[in-house]
Amino acid sequence: MAYYESVLVFRQDLTEPQVKEKAGKYAAVVKELGGDVKSTEFWGLKNLAYVIRKNRKAHYVMMNIELPGVAIAELERRCRIDEDVIRYLNVRVEKLADGPSVMMKKNTEEAE
């Protein structure tokens, strides 16, 4: 089993509960493919650097997953089919981070 950091970028017109529901759907897909979701982070609605499919903003979700290498292609295929996912990125890592990601650390530092 390989470790991946998977970032999904959802359309701006979805509500936060809808985004969380979609993230849950992808967590179920990972489990269906024989993997495991170690953690999920909702980065929120952020501005995009450029317009993608008429979207100026997007909801970001990062999942730390453990998944067989052959199954990642099926996960990416399902992301391409879903019209609510405007971009995705799966990066293989040696080990998963224990604490929050850099994006989450930035948000907690701003709150202090």
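K22 has a relative accessibility of 18% and therefore counts as buried, since the cut-off for that class is under 20% relative accessible area. The model in which this lysine sits is a predicted one. The residue belongs to helix α1, which spans residues 16-32.

The side chain of K22 forms a salt bridge with D84, and the closest N and O atoms of the two are 3.0 Å apart. This pair connects distant parts of the chain, 62 residues apart: K22 is in helix α1, whereas D84 is in the loop between α2 (72-81) and β4 (85-93). D84 is also classed as buried, because its relative accessibility is 8%.

A second contact involves the helix and loop just named. K25 and D82 meet through their side chains in a salt bridge, with an N to O distance of 3.5 Å. Here too distant parts of the chain are linked, as K25 lies in helix α1 and D82 in the loop between α2 and β4, 57 residues apart. The two partners fall into separate accessibility classes: K25, at 40% relative accessibility, counts as partly exposed, while D82 is buried, with a relative accessible area of 9%.

These four residues belong to a wider arrangement. R11, D13, K22, K25, D82 and D84 are linked in a network of salt bridges. In total, the structure holds 11 salt bridges.

Another of the salt bridges connects two helices. E32 pairs with R78, and their closest N and O atoms are 2.9 Å apart. Because E32 lies in helix α1 and R78 in helix α2, the pair ties together parts that are 46 residues apart in sequence. E32 is exposed, with a relative accessible area of 55%, and R78 is partly exposed, with a relative accessible area of 23%.

The strands may be considered next, beginning with β1. Strand β1 comprises residues 2-10 and is mostly covered, as 7 of its 9 residues are buried. It pairs with two other strands, β3 and β4. Strands β1 and β3 (residues 55-67) run antiparallel and are joined by 9 bridges; within this pairing, V9 has Y60 in β3 as its bridge partner. The pairing of β1 with β4 is likewise antiparallel and extends over 8 bridges. In that case, the bridge partner of E5 is V91 in β4. Strand β4 also borders the loop that holds D84, the buried partner of K22.

Note on methods. Residues numbered from 1 in each chain as written. Predicted model: local features only at pLDDT ≥ 70, side-chain atom pairs only at ≥ 80, totals over all residues. Heavy atoms only, no water. Salt bridge = Lys/Arg side-chain N within 4 Å of Asp/Glu carboxyl O. Helix = DSSP H or I, 4+ residues; strand = E, 2+ residues; numbered from the N terminus. Buried < 20%, exposed > 50% of the residue type's maximum accessible area, 1.4 Å probe, protein only. Pairing = 2+ DSSP bridges.
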